[in-house]
Amino acid sequence: MPGLSVAIFATDNDQRAVLQVLVDGTGVAHTACSSASLPLTPSDPVVCRTQAFSPEVLIVDLAVDAIAGALRALEVLHQEFPQSAIFAVGPMTQPQLIVSAMRAGVREYLERPPNTTDLLEAFVRLSGTRRKPGRESSRGKVFTIVNAKGGAGATTVAVNLAIALQTINPRTALVDLAHLGHCALHMHLKPAFTITDALSNLHRLDASLLDSFMVRHDRGLQVLAGVSTPIPIEPSASDFARLFDMIVGMFHYVVVDASSRLDSATRLASNLSEKILLIAHADVASLWSAGRVAQYLGETGSRDRFALVLNRYRKVTGFNEGETEAAIGAPVLWRIPNQFFAVSTAIDRGVPVMNTSNTEIARSFSGLATLLTKDDLEVKRSAWSLFKTV
């Protein structure tokens, strides 16, 4: 049989039959097996039966009357079939469902019911990624940067952290989610397109088109620039979910500069994130605001991933770090030294402080990047390889 081998999981018989016809109709894939039940545990017999076919793609139907079971099945399949790509088919009107599916290990999220073109494009993207040496099929890690209050320095942290992460893995992207984007300004970039262009072209967005909407910094970092004028009508959370579904499939690290934006888009990015970094100063107003921001963004289940980054840090009499962590409900992860003149000069010149790697503040951003990636298996493998070649 030609092309990719596919296993289909759908409790609805009609939907399962439609999916099989669509898969076989692409001409680049074939249905190796299908199941009317969803595996809820690793010992489920359907797991063993499916493993016998060694499918390269698993398609799971997210029926509206069985969402909880389908999400559990995604987790089991992601665990038991680590080499297979998982596609989910579900409604596009529920952004939280899309986020939950992506966190469960889904590589592609397609509208229910899909069409042959949608499936074909997804298969082509998967095949193209697997042909490129050094590209793994896992989802990228997202780090969302949020101001505790205006002017705390989220964009400065996001830009320099992204450059630091890019030195660890070249597949790093910076996404400017702010209501008025400043990332490009900090990097002296003049983007021809912004995040609005990507959101306006979701109906035909693929990896190549998204890449064309991004601008590359001279250090190699790819940037999806923020809007240069306020948008009268904001895109829906579902639109942002579909955009991030594409981005986390293309990049290993994704830094999101949310700045002071507090809405469903930032909540969505937070729910997708490995870490949400609250940028604050060591003063009462800033820390009080950090607690309120964490409470708001954490209402949808991401509270345990929050951490404080104290920017422009200097020792303050009476500041108790333990009491602060307890009050906010988030640990102090990092402290960035107070070098206001160096940072403000860098912003004015459009040259991030990471470009001067021998400075204390540049080393601080590099240290933060190292801390965030210390458990990354790919980073460990890279470090081990370098050690072996010395």
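In this predicted model, Thr-172 of strand β7 stands opposite Tyr-253 in β10, where a strand is a DSSP run of E with at least two residues, numbered from the N terminus. Residues are counted from 1 along each chain as its sequence is written. Because the model is predicted, local features need pLDDT of at least 70 and side-chain atom pairs count only at pLDDT 80 or more, while totals for chains, interfaces and linings use all residues, and side-chain values use heavy atoms, without hydrogens and water.

Strand β7 covers residues 172-176, and 5 of its 5 residues are buried, so β7 is largely enclosed by the rest of the structure; buried here means under 20% relative accessible area, with a 1.4 Å probe and protein chains only. Thr-172, Leu-174 and Asp-176 point one way from β7, whereas Ala-173 and Val-175 point the other way, and all are buried.

Two strands are said to pair if DSSP finds at least two bridges between them. Strand β7 runs parallel to β10 (residues 253-259), to which 5 bridges join it, and also parallel to β9 (residues 222-224), through 3 bridges. In β9, Gln-222 is the bridge partner of Ala-173.

Turning to the whole protein, its secondary structure comes to 16 helices and 13 strands, helices being DSSP runs of H or I with at least four residues. Of its 390 residues, 52% count as buried. Among contacts (heavy atoms within 4.5 Å) between residues at least 6 apart in sequence, 75% join residues at least 24 apart. The C-alpha atoms fill a box of roughly 65 × 55 × 40 Å, taken along the principal axes.

How values were computed
Buried < 20%, exposed > 50% of the residue type's maximum accessible area, 1.4 Å probe, protein only.
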